[in-house]
Amino acid sequence: MEFSHVGAQCSLEECRQHDFLPFKCDCCSKVYCLDHRTYAKHSCAKGLAKRELFSSIQCPLCQHHLVIKQGEDANALVTQHIEAKCKPIEQQRKESNKCSHAKCKKSELMPIRCTKCHKQFCLNHRFPNTHSCPSLKSSQAQVNKTWETERNREAKIRNEVSVKN
C-alpha cells in the first residue's frame, strides 16, 4: 500500500478500517475511525461513565453551554441561568457594537474603531471630525499654537524692520 504509514487502523475488531485522520479516545486512549469515534459506538466503559456524570444543554437565549451534573434538573439550571446573567444574543450584539457618540444609539454588525481615540462608532461617526475626537482637539490646539507663534515671530520681524527704517 502506498500510504500505509499515514493514519492508523480502527481499534474496533469488527471494523479495522484504515483511517487517514483517526480519532484517539480521551478515555481508553485507543484509535478509532470516524464511524466509531464516539463512546457509544466503540462501547467505551470509561467514556460512557464519564458522559453519565456530566452532560450539557444550550441556553435558548444566549447559546451558552450549561453543564448539568448528575442528579441536577436541566430546567431549573436553565431558569437559574436566565434569571442570573443571561443576555440574549441580539442584546449582546447591540451592546458590543454600540456607537460611543453621546447622542447616537446606533449599533453596527462589525465594530468600527477610531484610530485616534480607539472608541467604537457607527458609520456616521467613524471619522475623528464627526465625533469630536479628543485627539483632533489636541492636534487643532497644537496647530493654533503653531500659527500664533508664527504670527508673533512675523510681528517681531515687522517691528524690527520698521524700527530700523
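What follows is a walk through the fold, cores and a few single residues of this chain, taken from a predicted model.

Start with the overall layout. The protein chain has four helices and six strands, and from the N terminus on these run β-β-β-β-α-β-β-α-α-α. Of its 165 residues, 19% count as buried. Contacts that reach across the sequence make up a modest slice: among those between residues at least 6 apart, 11% join residues at least 24 apart.

Confidence comes next. The mean pLDDT of the protein chain is 81, with 87% of residues at 70 or more. Broken down by element, strand β4 (residues 31-32) has the highest mean, 94, and helix α3 (residues 89-96) the lowest, 60. Where pLDDT is low, the predicted coordinates should not be read in detail.

Now for the cores. The largest nonpolar core is built from eight residues, namely Cys10, Leu12, Cys25, Cys27, Tyr32, Cys33, Tyr39 and Cys44. A second core lies apart from it and has seven residues, including Cys99, Cys117, Phe121 and Cys133. Back in the largest core, Cys25 keeps company well beyond its sequence neighbours: with those within four places left aside, its contacts are Lys30, Tyr32, Tyr39, His42 and Cys44. Three of these partners, Tyr32, Tyr39 and Cys44, are themselves listed in that core.

As for rings, the count of aromatic pairs comes to zero. One ring does have a charge for company, though: the charged end of Arg37 sits over the ring of Phe23, 5.5 Å from the ring centre.

Helix α2 is a good place to look at how a helix sits on its surroundings. Leu77, Val78 and His81 are its buried residues. Seen down the helix axis, these fall within an arc of 95°, so they line one face of α2. That buried set packs against β5 (54-58) and β6 (65-69). On the face turned away from the buried side, α2 carries the exposed residues Asn75, Gln80 and Glu83.

His81 deserves a closer look. This histidine belongs to α2, which spans residues 74-84. His81 counts as buried because its relative accessibility is 8%, against a cut-off of under 20%. Not counting residues up to four places away in sequence, His81 touches Cys59, Cys62, His64, Leu66 and Cys86.

His5 is another story. It is found in the segment before β1 (8-9), and it is exposed because its relative accessible area is 65%, where the cut-off is over 50%. His5 and Phe20 are 15 residues apart in sequence, and their C-alpha atoms are 9.4 Å apart in space.

Two residues stand out for their backbone. Ser43 has a positive phi of about 50° although it is not a glycine. This serine is placed in the loop between β4 and α1 (45-53), and at 59% relative accessibility Ser43 counts as exposed. His118, also a residue other than glycine, has a positive phi near 65°. His118 is found in the loop between α3 and α4 (134-164), and its relative accessible area of 54% makes it exposed.

Methods:
Residues numbered from 1 in each chain as written. Predicted model: local features only at pLDDT ≥ 70, side-chain atom pairs only at ≥ 80, totals over all residues. Heavy atoms only, no water. Core = buried A, V, L, I, M, F, W, Y, C linked by side-chain atoms within 4.5 Å. Buried < 20%, exposed > 50% of the residue type's maximum accessible area, 1.4 Å probe, protein only. Contact = heavy atoms within 4.5 Å. Helix = DSSP H or I, 4+ residues; strand = E, 2+ residues; numbered from the N terminus. Phe/Tyr/Trp six-rings, centres within 6.5 Å; stacked < 30°, edge-to-face > 60°. Lys NZ or Arg CZ within 6 Å of the ring centre and 35° of its normal. pLDDT = per-residue confidence, 0-100. Arc of directions from axis to C-beta.
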